[in-house]
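Here is a friendly briefing on how two helices sit in their surroundings. Take a look at the structure below, and then we can go through it topic by topic.

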Amino acid sequence: MFIGRERELASLKEFYEKDGQEDYFYTATKVGKNRNLELFSKQVVDLFMPGVENISFHNTEAVFDFIDKNIGDEKLVLVIDELPYWAESLPCLI
């Protein structure tokens, strides 16, 4: 159980929103690399293309390429919380 987790995340969001930056939070879990990729991908697609479904990526590099191609001149703070959970099954993330 995490104590004060909501307050911690809220303060991070407040800090990064100061300069008009978009912020994006994904919390990795112990569900394996493929499921984390699926969940992360869905949230990324929802961020850039709301309402579009059934887009999948074969690896994390493809998701980051998608972000890069769609970000334009916007500033985006990307936070992957609990990254070690995802990295257990995908060490290249560390």
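**Two helices and a shared core**

In α2 of this predicted model, the buried residues are Asn36, Leu37, Phe40, Ser41, Val44 and Val45. Seen down the axis of α2, these residues fall within an arc of 160°, so they line one face of the helix. They pack against β1 (22–27), α3 (60–71), β2 (76–81) and α4 (83–87).

**Helix geometry**
- Helix α2 covers residues 33–48, and its 16 residues should span 22 Å at 1.5 Å a residue; the end C-alpha atoms are 22 Å apart, which agrees.
- For α3, 12 residues at 1.5 Å each should give 16 Å, and its end C-alpha atoms are indeed 16 Å apart.

**The two sides of α3**
- Thr60, Val63, Phe66, Ile67 and Ile71 are the buried residues of α3.
- Because they cover an arc of only 120° around the axis, they sit on the same side of α3.
- Their packing partners are α2, β2 and α4.
- Glu61, Asp68 and Lys69 are exposed, on the face of α3 turned away from its buried side.

**The ends of α3**
- At the N-terminal end, Asn59 acts as a cap, with a side-chain oxygen 3.2 Å from the backbone nitrogen of Glu61.
- Just after α3 comes Gly72, with a positive phi of about 65°.

**The largest nonpolar core**
- This core has 15 residues, of which Tyr26, Phe40, Val44, Val63 and Trp86 touch the most other members.
- At least two of its residues come from each of β1, α2, α3 and α4, and α2 gives the largest share, four residues.
- Leaving aside residues up to four places away in sequence, Val44 touches Tyr24, Val63, Phe66 and Ile67.

Terms used: Residues are numbered from 1 along each chain as its sequence is written. This is a predicted model: local features need pLDDT of at least 70, side-chain atom pairs count only at pLDDT 80 or more; totals for chains, interfaces and linings use all residues. Side-chain values use heavy atoms; hydrogens and water are left out. The expected span of a helix is 1.5 Å times one less than its number of residues. Buried means under 20% relative accessible area, exposed over 50%, partly exposed in between (1.4 Å probe, protein chains only). The arc is that of the directions from the helix axis to the C-beta atoms. Contact means heavy atoms within 4.5 Å. A nonpolar core is a set of buried Ala, Val, Leu, Ile, Met, Phe, Trp, Tyr and Cys residues joined through side-chain atoms within 4.5 Å. A polar contact is a pair of N or O atoms within 3.5 Å; within protein, one must be able to donate a hydrogen and the other to accept it, and residues adjacent in sequence count only if both atoms are side-chain atoms.
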